[in-house]
Amino acid sequence: MGYKTRQEGDTTVVTVEESRLDASLAGGFKDFMVDLIDAGNMDFVIDISGVSFMDSSGLGAVVAALKQVGSNGSVKLAGPQKAVSDLFDLTCMDRIFKIYATVDEALNA
């Protein structure tokens, strides 16, 4: 499981260090996010710049994090590659998530 975190003020930056976020990894990612949220982290930037493929299970794990933080926090996405960006567009999730080209843009928004 390849995830890295760092704090930028009140925001937790989660970097996905996997090229795929699919059914084989989505459960682990969801559990990872639940642990961070249970520890009190509520504002996230998820750096998905290294993810070249995401399926519905990966999308579901990201949605689960957004649902868990609810109105008490935020989940922003940063750096999606074209295939991942197309998935968010196709599923209209680009209307639900704030998506930025870079982590810095997401942090400064």
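**A working chat on the sheet and its aromatic contacts**

Phe29 is buried, with a relative accessible area of 0%.

Biologist: Where does "buried" begin and end here?

Modeller: Buried means under 20% relative accessible area, exposed means over 50%, and partly exposed lies in between, with a 1.4 Å probe and protein chains only. This is a predicted model, in which local features need pLDDT of at least 70 and side-chain atom pairs count only at pLDDT 80 or more, while totals for chains, interfaces and linings use all residues. Residues are numbered from 1 along each chain as its sequence is written, and side-chain values use heavy atoms, with hydrogens and water left out.

Biologist: How many aromatic pairs are there?

Modeller: The count comes to three aromatic pairs. Rings of Phe, Tyr and Trp (its six-membered ring) pair if their centres lie within 6.5 Å; planes under 30 degrees apart count as stacked, over 60 as edge-to-face and the rest as tilted.

Biologist: How are the rings of Tyr3 and Phe29 placed?

Modeller: Their centres are 5.3 Å apart and their planes stand at 55°, so the pair is tilted. Tyr3 belongs to strand S1 and Phe29 to helix H1 (residues 23-38), so the pair ties together parts that are 26 residues apart in sequence. Helices (H or I, at least four residues) and strands (E, at least two) are DSSP runs, numbered from the N terminus.

Biologist: Is Tyr3 buried or exposed?

Modeller: Tyr3 counts as buried, at 13% relative accessibility. Ring pairs also link Tyr3, Phe29 and Phe32 into a cluster.

Biologist: Now the sheet. What is the strand order?

Modeller: The open sheet has five strands in the order S1-S2-S4-S6-S7, with mixed pairing. Strand S1 (3-8) and strand S7 (98-100) stand at the edges, each with a single partner strand, so one side of each is left without a neighbour in the sheet. Two strands pair if DSSP finds at least two bridges between them.

Biologist: How do S1 and S2 run?

Modeller: S1 and S2 run antiparallel and are joined by six bridges. Gln7 stands opposite Thr12 in S2. The two strands form a hairpin with two residues between them, and Gly9 in the turn has a positive phi of about 65°.

Biologist: And S2 with S4, in which sense?

Modeller: Strand S2 (residues 11-16) and strand S4 (residues 43-47) pair in the parallel sense over five bridges. In S4, Phe44 is the bridge partner of Thr12, and Ile46 is that of Val14.

Biologist: Which residues of S2 are buried on each side?

Modeller: Thr11, Val13 and Thr15 are buried on one side, and Thr12, Val14 and Val16 on the other. Six of the six residues of S2 are buried, so S2 is largely enclosed by the rest of the structure.
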